[in-house]
Amino acid sequence: MAPVESLSRPTLKILFAASEAVPLIKTGGLGDVSGSLPLALHRLGHDVRLVMPAYADAIARVSDAEPLGTLPVPRAPGPVRLLEGTLDDGMVPVYLVDAPGLFDRGGNPYVGPDGRDWPDNALRFGTLCRVASEIALGHSSLGWQPELVHANDWQTGLIAPFLADLAGRPATLFTIHNLSYQGLFDRPTFDAIGLPPHWWSPRGVEFYNHLSFIKGGINLSDIVTTVSPTYAAEIRQPQLGYGLHGLLDHRADRLYGILNGIDYDLWDPATDPAIPRNFSADRYRDKGPNKGRLQQVFGLDERPNALLFGHVGRLVEQKGIDLILAALPRLMAQPEVQLVILGSGSAALEERVRAVSAQYPGRVGTRLGYDEPLSHLVEAGSDVFLMPSRFEPCGLNQLYSLRYGTVPIVHRTGGLADTVVDATPDALAAGIATGFCFEPATAEALWSAIARALALWRQPGVAWEKLAATGMRQDFSWATSARRYEELYQIAIRHALAAAG
Ligand code: ADP
Ligand code: GLC
């Protein structure tokens, strides 16, 4: 991996492009990052502005949205307006791409009520990319041009291809949050989107005779990042490279892994309004009443001494919920153990999760759906957080768990490997352990980590409390990672200048 150079710090103009951002709309960690990294960059003194689709939910949540005028977007079904509002008490301007035929529909940004991708996703996110590149070139009525565009995941992958050839373009940085979602479409879709025809090539967006949004971002951005150092190495290998490992390996001198931070104001057990009792590392025992509330909400037996396992996540194969279900009979053979699961996702996994609470009444509670405040209560009220993801580019729930004194049990992969220190006897003795790691991603290996956790929980004394409090004292705020991005932005700007000759 190329080293990050340290440079002086001028104020930069940055356009941050994403398909979701807290508090406007969120389906997963991308929303958390797009809501919190721009603010962290603003606090470092940069002029950072966000561009994203004007979903109905997003418009409703930006109280001060004002129309800025229309933009010429070839091939869009009707006029595309730009709305301007602000986030974070006015600190981060946000531009909403208002194309009612594309974005003004309820529900999920990516899939319809039938659980299938919206059929016009290529046009929807192609339009987002086109509008972002018009802003990037200074062609909007904003009177503002960024020096760098920071694009995120496949939905913004065509921004770099729209810009790459053009004089006066800003630098581009593309962050891969999850390589398994690539934005693949057919050749007629490429023709309809209006990219320069020569990008239908392996050097552009062509991937096995398909249009690949993510490949465009990887191939044509000045810098490529992903959200943890370990995942940056893993995606250069066939197993997690999804056919793009060769390209990523080829671009290794432009590829960096920067760990996500979390929003320390939104996720702070000392002030969190979503939980009944606030607590901190120094007041760890105040965590206790949150367990009682969680047991009530999930219909569990109200036992203060239960060892309560929690899980929150998208119910998709990536997250390894099936491993939890496979380990369940052994888990339930332990008399003090209880389990809560909050999630939504594939119909098949939802069905399997629904079935288990009926099987273990009073001991297993499940909630299917998306519930932000409840996710805070699960973090606060559980003793242990299960995160057996098969792969995990960064993962935020283990970071929330550490901050809430909820000991994570994680598969040693991606960002999970980079953020949790396994409770080996040596690490415990040195006072640096923060959780339990296992590999490979099997129910057997998960169970052996759970067994180690149970043994520590059952130890008399304060061993467990010490482990949890060590986790709570780690720093996963944006402070360090936002500075790393700042350094990379400058490197990207140098590459863009060099490319312009
Ligand atoms: P991913 O982005 O792959 O889903 P992360 O761990 O990075 O995984 O982030 C997931 C985010 O989405 C976390 O903030 C988590 O709390 C939240 N989340 C996932 N599922 C739910 C749910 N059913 N209800 C509330 N929050 C959820
Ligand atoms: C993706 C990844 C997750 C990461 C999040 C934010 O959804 O699956 O690991 O934490 O993006 O970067």
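Two residues are in contact here when heavy atoms lie within 4.5 Å of each other. With that in mind, welcome to a predicted model of a protein with 20 helices and 18 strands. Two of its helices, 7 and 14, get a closer look below.

**Overall build**
- The radius of gyration is 23 Å, in agreement with the value near 23 Å for a compact globule of 501 residues.
- Along the principal axes, the C-alpha trace spans about 70 × 45 × 45 Å.
- Among contacts with a separation of 6 or more, 70% join residues 24 or more positions apart.

**Surface and charge**
- Buried residues make up 59% of the 501 in the protein.
- About 19000 Å² is exposed, and 53% of that comes from carbon and sulfur atoms.
- There are 43 positive and 53 negative side chains, with the centres of the two sets 3 Å apart.

**Helix 14 (residues 372–381)**
- This helix is largely enclosed by the rest of the structure, because eight of its ten residues are buried.
- The buried set runs from Leu374, Ser375, His376 and Leu377 to Val378, Glu379, Ala380 and Gly381.
- Those buried residues pack against helix 11 (288–297) and helix 15 (397–403), and also against strands 13 (307–315), 14 (337–345), 15 (364–368) and 16 (384–387).
- Where helix 14 starts, a side-chain oxygen of Asp371 comes within 3.1 Å of the backbone nitrogen of Leu374.

**Helix 7 (residues 213–220)**
- Helix 7 is mostly covered, with eight of its eight residues buried.
- Its buried residues include Lys215 and Asn219, alongside Phe213, Ile214, Gly216, Gly217, Ile218 and Leu220.

How values were computed: Residues are numbered from 1 along each chain as its sequence is written. Chains are lettered from A and ligands numbered from 1 in the order in which they are written. This is a predicted model: local features need pLDDT of at least 70, side-chain atom pairs count only at pLDDT 80 or more; totals for chains, interfaces and linings use all residues. Side-chain values use heavy atoms; hydrogens and water are left out. Buried means under 20% relative accessible area, exposed over 50%, partly exposed in between (1.4 Å probe, protein chains only). Helices (H or I, at least four residues) and strands (E, at least two) are DSSP runs, numbered from the N terminus. The radius of gyration is taken over C-alpha atoms; the globule rule is 2.2 Å times the number of residues to the power 0.38. Accessible areas come from the Shrake-Rupley method with a 1.4 Å probe; for residues, only the protein chains shown count as cover. Lys and Arg count as positive and Asp and Glu as negative; His and the chain ends are not counted. The place of a charge is taken as NZ of Lys, CZ of Arg, CG of Asp or CD of Glu. A polar contact is a pair of N or O atoms within 3.5 Å; within protein, one must be able to donate a hydrogen and the other to accept it, and residues adjacent in sequence count only if both atoms are side-chain atoms.
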